[in-house]
Amino acid sequence: MVMQKNVCVIGAGIAGLAAAKAFASHGHRVTIIERSGDLGGVWEPARSYPEVQTQSPKELYRFTDQPMPANYPEWPKGPQVHAYLTDYARRHGLLPLMQFNTTVTGMARRADGKPGWTLTTSDSTGATRETDYDFVSVCTGQFNERKELHHYGEDGFKAAGGVILHSAEHTDPSRVKGKKVVVLGGSKSATDIAVHLVKAGASAVTFVYREPVWRIPYFVGGLINFKRILYIRAQEEMFPGWGLSALSRLKHAIAKPFVWAHWRGLESLLKIQLKLDKCDMVPETRFEDGVNCSVPIATPGFFPMVADGRIKAIRGTFDCYNGKTIVMAGGQRVDADIAILAIGFKLDVPFLPQAFRDKLIQPDGQYRLYRVIANPDLPEMGFVGFNSSFCSVLTAEMAANWLVRYADGKLAKQPTAYEMQNNMDMMLRFKRTERPAAGVYGGLCVAPYHFKHFDELLDDMGATVTRRGALAEKFSPPDADAYARFLASAPGYRAEAVVAPVSTMEAVVA
Ligand SMILES: Cc1cc2nc3c(=O)[nH]c(=O)nc-3n(C[C@H](O)[C@H](O)[C@H](O)COP(=O)(O)OP(=O)(O)OC[C@H]3O[C@@H](n4cnc5c(N)ncnc54)[C@H](O)[C@@H]3O)c2cc1C
């Protein structure tokens with residue numbers, strides 16, 4: 001019998017919703033703690049920059065049991081994603097489980113000696129509270145602790161009327177009209193913001209980036225939706241993965257010239273389509289060496305705007321501020337009213353005690369997580385949504401379904417601590433030496449190995465149906481409806497509430 005647990009889910013983004021649903025549907029009591037005033041995480045309206053939309057097509061950015069509404073566009077806008085998530089939480093009865101405006105500030109092993117954790121939380125009034133939980137699902141995402149960047153002269157820039165914002169603070173489009181704006185960073189957010197600044201009437205837009213990277217257009221060659229390329233198993237198999245047999249290595253060696261030609265062909269196509277030569281933005285790295293969660297989608301309009309000068313692109317970085325001028329490392333000087341720093345976020349689990357953080361995060365920043373979900377040195381705890389990908393809703397849901405079984409000892413292949421440690425060592429070796437691109441974001445990205453990752457999770461869960469037809473499986477993207485069937489084929493169970501025995505004294509009183 002599996003005993004019902006008191007489970008805390010930290011974070012009400014996509015991963016938090018997936019975890020809460022998985023634990024609640026297996027019979028556990030769930031509390032969701034969310035530090036902001038609404039659900040959605042990165043899709044919460046208060047933290048979204050204007051015009052934000054998904055990179056993933058809508059059928060690849062959904063839970064298995066709920067498609068996005070039919071009237072949504074192929075790449076839904078931020079408010080649409082937020083509405084979808086709110087509807088999902090409502091349908092699954094998750095809203096009453098949420099404690100908003102509550103931040104987890106610390107955790108410690110339970111003082112009563114029982115397995116689990118005591119969480120310290122702080123609410124909007126500053127009041128703190130300690131609560132015991134049997135299990136904790138950390139769903140705090142990778143985009144929460146803003147990176148900071150300071151340069152000499154920034155106080156003078158601000159004193160002269162200049163404004164410096166992190167990209168997550170750029171939520172008010174009206175403030176940029178008629179202003180000279182400089183965007184620092186090369187991510188999708190940076191190009192989205194630069195394009196939007198032009199459309200919103202900024203008087204000058206400068207884009208400052210370190211080095212050109214390959215960006216994928218929504219339609220490759222203007223015709224083929226990129227999901228038909230980057231998301232398919234046939235493509236994924238071109239990347240040698242981890243734990244390959246001698247035969248698989250031989251197959252990769254034989255196919256190498258064809259695979260090489262494939263990537264050079266794609267690069268040539270992208271150069272022509274995106275006018276990378278004209279923009280002086282041809283990447284110096286090979287396309288295939290950089291495929292991971294950091295591959296940005298090309299914001300429509302970005303390259304044409306660079307080509308025709310509406311966006312001035314400068315390769316380099318900030319050196320300092322001088323009055324209302326930003327001086328670049330290469331000596332260029334750009335007058336600015338607003339600097340938007342699209343410099344990303346720090347990965348961390350700040351509320352975890354240092355001794356446990358040391359077990360989780362290696363000195364080189366790599367996370368030590370089996371299946372990117374759990375670590376036996378961090379008992380009664382797991383991480384959902386840390387296996388980010390090109391289809392993060394599905395990866396989060398798969399992780400959540402794996403984690404509840406792991407927590408309950410109900411995986412068909414429940415790993416021993418020894419097996420987990422060996423596997424984590426192997427994966428760290430793979431990320432550090434065989435495929436450094438897999439080490440981005442602390443190694444917390446399963447792209448481009450979505451199918452391989454899903455195969456492992458389904459196998460662990462004991463799913464008996466794991467494939468569609470041969471052709472669909474090889475040449476079409478992961479299908480959320482199919483994954484609903486695969487998950488349903490894993491053995492089911494439900495945790496039982498244990499009724500506390502009536503003590504002798506209570507019995508006497510009664
Ligand atoms: C602009 C943007 C567009 C994206 N588009 C795509 C896409 O198209 N496809 C894709 O696959 N991925 C995309 N991503 C990646 C995205 O992060 C994931 O898809 C997904 O939304 C992550 O969900 P999450 O729940 O793991 O994390 P988050 O959405 O970051 O949610 C984490 C939650 O935890 C809360 N939290 C953090 N710390 C605490 C604490 N101490 N106490 C209480 N609560 C806490 C936060 O407030 C937050 O609500 C995008 C990301 C961004 C920023």
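The C-alpha centres of domain 1 and domain 2 lie 27 Å apart in this structure, which is a predicted model. Domain 1 is built from two stretches of the protein chain, 6-144 and 347-488, while domain 2 covers 147-344.

Let me turn to where these domains touch. Here, 34 residues of domain 1 are in contact with 30 residues of domain 2. On the domain 1 side, three helices each supply at least two residues: H11 (417-434), H12 (450-461) and H13 (470-475). That side of domain 1 comprises 23 nonpolar, six polar and five charged residues.

I now come to the ligand. Which residues come nearest among the 33 around the ligand? They are Gly-11, Gly-13, Gly-41, Gly-141 and Gly-385. The elements giving two or more residues to this shell are H1, strand E4 (102-109) and H10. H1 gives the most, with three residues. By class, the shell contains 15 nonpolar, 16 polar and two charged residues.

Two of those elements, H1 and H10, also pack against each other. The axes of H1 (residues 14-25) and H10 (residues 392-407) come within 8 Å and cross at roughly 35°. Is this crossing left-handed or right-handed? The crossing of H1 and H10 is right-handed.

As for the residues involved, H1 contributes Ile-14, Ala-15, Ala-18, Ala-19, Ala-22 and Phe-23. From H10, they meet Ser-392, Val-393, Ala-396, Glu-397, Ala-400, Asn-401, Leu-403 and Val-404. Eleven residues of this contact are nonpolar, two are polar and one is charged.

To close, I would ask you to keep H1 in view: this helix meets H10 and gives the most residues to the shell around the ligand.

Conventions:
Residues are numbered from 1 along each chain as its sequence is written. This is a predicted model: local features need pLDDT of at least 70, side-chain atom pairs count only at pLDDT 80 or more; totals for chains, interfaces and linings use all residues. Axes are lines fitted to C-alpha atoms, for helices over the stretch in contact, and angles run from 0 to 180 degrees between N-to-C directions. Helices (H or I, at least four residues) and strands (E, at least two) are DSSP runs, numbered from the N terminus. A crossing is left-handed if the near helix is turned anticlockwise from the far one by less than a right angle, and right-handed if clockwise. Two residues are in contact if their C-beta atoms, placed from the backbone, lie within 7 Å. Ala, Val, Leu, Ile, Met, Phe, Trp, Tyr, Cys and Pro count as nonpolar, Asp, Glu, Lys and Arg as charged, and the others, Gly among them, as polar. Domain bounds come from an automatic or database domain assignment. A residue is near a molecule or strand if its C-beta atom, placed from the backbone, lies within 6 Å of it.
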